[in-house]
Every structure is written in structure tokens, then in C-alpha cells.
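This report is meant for a reader who is meeting this structure for the first time. Please look over the sequence and the model before reading on.

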Amino acid sequence: MIFIKLLKNVLVKITKATSKTKEKCMGFINFNEEKDISTTPIEVAQQTNDDIKIEINETDIANLSNDLYQKTTEGLAAIEELKGTMEQIAAAAEESAGASEETLSAITEIKQNSKFLEVEVKNTVDVIIDFKELLNNSIDSFMEASESLKNTSLKAEDISNKSQQLLDSSKEINNAVELITKLSKKTGLLALNAAIEAARAGSSGRSFTVMASEIRAMAKKSNIYAQKINSLVTTIQEKIENSNKDTLHIKSEIEKFANESLNLANEMKEIGNSVDKIVSLSDEMIENIKLTVQEIEELHQASETIAAAAEESASAVSEVTNTIASQVNAFNESQKAAEILQDLLKKENYQNELATASEELSYSVAQLEDSMREIVEALSQIEEASEISKNDANKAQTIANSCVEYITKSLDEMNEIYNNFKEIKDKFSTISNILITQKNNSTKNINLSNQQKEKINTIKSTIKKLNNAIRKIELSIVQIGALSISGAVEAVRIGEGGEGFSEVSHDIRELADTSEENLDKVIEIIDDANEENDKILVEINNIVLILENESNKLKETTNEFDSSLKTLDNVIQKTEKLKTSIDEMNIALEQIQLAAKQTTEAAEISKNNASESKEAANIILNISKEMNAIINKLREISLNNVKSEL
């Protein structure tokens, strides 16, 4: 009886092990589904024997026990193989789940970055559009400045020409004064002759002596005034030459200023073209980002499907693994039961106990067979799930590849935008330095023009002194003329004794007239020079006003450029952040590509292992069928023996 108790204990353990498989839900299959187990062990044996042909000597119960023991050993070996493949499926499912988690995390990051990029790029475009307006205003300003300065340069050139005319006029004054000086010297000599004639006339020539002395004194004064005029004219010439030199310098600076303004306008146009290119690139980049987001939405759905499949597969694998563990216990206990049966055969009167034991063992092994069928079905579904995961992973990889292309383009466009901004900033910095130099030069030109005004005023003052000297010479010449007339009258009164003095007086009178004619020319030249000098002064005032106006514009433009440089610095910093954001999107997409590849590989491994596991499970199922057939044969033999004894 002790063998029967042991066998019952073993059968209880087998039943518990197999019943556990009925209580578990393995992902794709609910093992609590009701099954038809009304078939008797004998019917099962008959059905099984239709598929499995086992040659059994009804009297050779020991051989059947040995066969049962052998099948349990084969079943254990097959289960060990199944356990190994299930571990690989579990690892693949875990890898697939991890890859899906990484993909979903990367997708979230990409979505966040894409929203940030779209908003910030639009803001940047708004900034550079405002910046373009500044450029257009600056272009107009520089073009106007260039045109205005060119006209100013012409005015400076006109001033230079007028200064040259003044210089030429001063040379004419020199020539006229030099002639007057010569006439004064001749007048002095004639006055000396008049004194000789007066002495020859004796007492009747006393009046001639006085007149000759007066004429000589007037001639001397004229000569002195003429020398003073020469000195003043020389001073005027020096001032005109210096002024003209400065005027030409101002003209050169203004021309340079005008050309620089024109160059700056052209530079601004090139910068404007760069800004237009940036706007175009920004629009293209936003479009690529939108395309990426659209693809990402589809990728999100695929990743969620993969994640759900991975979770279900992992759950099913876990349940199958737990079931397999129970199956191992069931086969171990079946093996012990086979050993006990072998020992039982050594006892007398074992038939009744054997019939009872085989009846109970048949029921337990039938349950084991049912659970193996469900495992095979579960593995088929895991196989199908792996195929779905593989297809979705391939789809995800294709989408990720497209997204990488879009983001790569976006990154290239952002790099080009960044480089354009850097070039614009460099150009702006150069222009800003040029503007500062222009502003400083403009101040110098204004100061130089004001100095020109002072020089012109000095020339005007010198011309005034020149006029005073001319008036004095004129007075002397008039007095000499009057004295010569008086001398001629006196000579006529004396008669024959005054003939010599009459001739001298006539000569002096002619010299005086000639001097007066030249003096009138000098006065006319000086008046014209004074008028031209006033015109020059007016034009210099206009130049100063223009330069001051341009200087004020330069200050405003320089301030605007300083502000724009700060704006450009901010935009460049923002662009660097945008580059970083796109880099992060690119890295995230590379992670998605890698995760998709890993998921594909994991799904392929899972599918192959599921197929192998299914083959192993089918082997175990067949073994359980064979075990069931053997047990039913033992049960049939034992029942027949019991009946024969009755």
C-alpha cells in the first residue's frame, strides 16, 4: 500500500502542476476557457492510437513503464530546449520594448523641438524683415548722401576755380601796381627835371620849384603805397593759395566720402540680397520641419503599435515561461510516477492499484497535453505579433529615414542661414567702422571748411586794406595831375621862360593819366575779387551746412548700425540655439533609426525563436500524446486484468 500512497502523492503534484496552466492567461490565450474533457482516457487512447502506432505486448507492463519513463525524459529535454528559445524571445521582447520606449521619448523631443523651431524661425524672419527695412532706408540714405556729396564736391571744385581766378586777378593787380610804381619813379624823375627848369628860370620859377617839390613828394608817396599794395597782394596770394590747397583737400575728402557712401549703398544691397536668401531658406526650413512633424505623427502611431505588441509579447512570453516551468514539474513528477509503477510491478496483486493509478495518471497527462496545445497556439500568435512588429519597425525605419533627410536639409539650411548672418554681421561691423571713420573725417572737414571761412574773411579784410591803399595812390595821382596842370598854366603865364617847365608838366600829366587808368583797372579787379570772395564765402557756408547735415545723418546711421549689430548678435545667438535644436532632432532621429533597426532585428529573432519554440512545443505535445497513449494502454491492460480475475 505504501507504493499506492506514493503514486497518489505524485499524481496530486502532476495534477496541480498541469492545473496551474489552466489558471493563467498568457497574453494572447486565456487558459481558463472551458474545454471539452468529457472524453474518457480509453477514448483518448483510441484517438491517439489512430495517430501514434505503438506496438505493445499487453502483458509487457514493465516495458510500457519503461517507455513512459523514456518519454518523460524526452519531454524534459524538449522542455529545456523550449525554455532556452523562450528566454531569447523574452530578451527580444524586452529589447523591442526598450527600443519603442526610446523611440517614443525621441518623438516627444522632436515634437517639442519642432514647435520651438517653427516659432523661433518665424520670429527670426520677422526680425530680419524689420532689418531689411532698415537696410532699404540706409540704402536710400547713402544714395542721397552720395549724390549730395558729389554736388558738394562740384561746389568745392567751383570754389577752387574761383580761388584760382582770384589768384590770377591778384597777379593782374601786381602787374598794374608794378606799372604804377614805374610811372611813379618816372614822375619823380620828371619832378626833378621840373626843379632844374625852375632853377633855370630864376626868380620867376620859384613857384615851379614848389610844385616840383610837391609832385616829387606825391610820387614818392605813390611809390610807398604801391609797395604796400604789392605786400598786401602777396599776402592775399599766399592766403588764396593756402585756401585753394585746403579747398582741393576738402574736395578730395568729399569725393572720397561720396564714393564710400555709394559703395556702402551697394554693400547694403548685397546684404539685402543675403537677407532675402535667409528669408527664403527659413521658409524652406519651416516647410521641411512641418514635413518632419507630419511623418513623426505616423511614426508615433507605428511606435505605439510596436510598443503595444512588445508589451503583449512580453506578457505572453512571461505566461508561457511560467507554464513551461509548471510543465517541467509535471514531467518530473510523471517520471517519478513511472519509476513508482516500475517498482509496483514487483509486488503481488498490483492490478487493482495499477488500474487506479493509471486512471488518475491518464487524467493528469491529458491535462498536460491540453496545456501544450494552448502553448503551441500562443507561440503561433507570438510569431504573428513578431511579424507585425517587424513590419511596423521597417515602416518606422523608412519614415525615420525620410525625417532624417528633411532634418538634414533643415540643418544645412540653418547652417547656411547662420553663415549668412555671420557674413552680414562682419559686413555690418566693417560698415560701422567705415561710418565711424566717416563721422570723424566729416568733423575734420567741417572744421577745415570753417577754417576756410576764416581765411576767406581774412582775404576780404586784406582786400579792404588794399582798397584803402589804392584810394591813397589815387589821391596822390590826382594831386600830381592837378599840380602838373597848375605848372602848365604857370609856364604859359611866364611865357618863353617857362617853356621847359611846360613840357615837363605835360609829361607828368600824361604819366598821371596813365597811372590813373591803370589804377582804375586795379580798382575794378579788386571790386570783382571782393565780389567773388563773397560768393566763395557763401558757397563755403553752404558746404559747411551740407557737411554738418551729413554728419548728423552719419551719427543717426551709426547709432542705428550699433543697434542693428546688437540685434544681429542676438539673432546669431538664437540661430546657434536653433542649430542646437535641429542637431538634437537629428540625434533623436538617429536614435529612432537605430531603435527601428533594433526592433526589426529583435522581431526577426523573436519570430525565428517563436517558430523554433513552436516546433519544440509540438514535439512536447507529441510526447505528451505518446505518454497519454502509453498510460491509457497501461490502464486498458490493468482493467482487462482486473476483469479476468473477476
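The text below moves from the overall fold to the core, then to the salt bridges and the surface.

## Overall fold

The structure is a predicted model, and its protein chain contains six helices and two strands. Read from the N terminus, the elements follow the order α-β-β-α-α-α-α-α. Of the 646 residues in the protein chain, 47% count as buried.

## The nonpolar core

In soluble globular proteins, nonpolar side chains tend to be buried together. The largest nonpolar core in this model has 112 residues, and those with the most contacts inside it are Phe131, Ile173, Ile229, Met268, Ile271 and Phe428. The elements that contribute two or more residues to this core are α3 (61-201), α4 (206-344), α5 (351-494) and α6, and the largest share, 30 residues, is supplied by α6. Helix α6 itself covers residues 499-645.

## Salt bridges

The count of salt bridges in the model comes to 25. Three of these pairs are set out in the table, each with the distance between its N and O atoms.

| Pair | N to O distance | Location |
|---|---|---|
| Asp246 and Lys455 | 2.3 Å | Asp246 in helix α4, Lys455 in helix α5 |
| Arg373 and Glu369 | 2.4 Å | both in helix α5 |
| Lys535 and Glu531 | 4.0 Å | both in helix α6 |

The salt bridge between Asp246 and Lys455 links distant parts of the chain, the two residues being 209 residues apart. Asp246 counts as buried because its relative accessible area is 16%, under the 20% cut-off, whereas Lys455 is partly exposed with a relative accessible area of 25%.

Arg373 and Glu369 lie four residues apart in helix α5, about one turn of the helix. In this pair Glu369 is buried, with a relative accessible area of 5%, while Arg373 counts as partly exposed at 38% relative accessibility.

Lys535 and Glu531 are likewise four residues apart, about one turn of helix α6. Here Lys535 counts as partly exposed at 36% relative accessibility, and Glu531 counts as partly exposed at 44%.

Beyond these pairs, Lys71, Glu74 and Glu626 are linked in a network of salt bridges.

## Surface patches and a contact across the sequence

On the surface, Leu189, Leu192 and Ile196 form a nonpolar patch, with about 270 Å² of accessible area together. Leu192 is found in helix α3, and this residue is partly exposed because its relative accessible area of 38% falls between the limits of 20% for buried and 50% for exposed.

A negative surface patch, by contrast in charge, is formed by Glu496, Glu499, Glu503, Asp507 and Glu510. One of these residues, Glu499, is found in helix α6, the element that also gives the largest share of the core described above.

Which residue lies 7.9 Å from Glu284 in space, C-alpha to C-alpha? That residue is Glu413, which is 129 residues from Glu284 in sequence. Glu284 lies in helix α4 and, at 39% relative accessibility, counts as partly exposed.

Notes
Residues are numbered from 1 along each chain as its sequence is written. This is a predicted model: local features need pLDDT of at least 70, side-chain atom pairs count only at pLDDT 80 or more; totals for chains, interfaces and linings use all residues. Side-chain values use heavy atoms; hydrogens and water are left out. Patches are made of residues with over 30% relative accessible area and no salt bridge: like charges are joined within 9 Å, nonpolar side chains (Val, Leu, Ile, Met, Phe, Trp, Tyr) within 5 Å. Accessible areas come from the Shrake-Rupley method with a 1.4 Å probe; for residues, only the protein chains shown count as cover. A salt bridge is a side-chain nitrogen of Lys or Arg within 4 Å of a carboxyl oxygen of Asp or Glu. Lys and Arg count as positive and Asp and Glu as negative; His and the chain ends are not counted. The place of a charge is taken as NZ of Lys, CZ of Arg, CG of Asp or CD of Glu. A nonpolar core is a set of buried Ala, Val, Leu, Ile, Met, Phe, Trp, Tyr and Cys residues joined through side-chain atoms within 4.5 Å. Buried means under 20% relative accessible area, exposed over 50%, partly exposed in between (1.4 Å probe, protein chains only).
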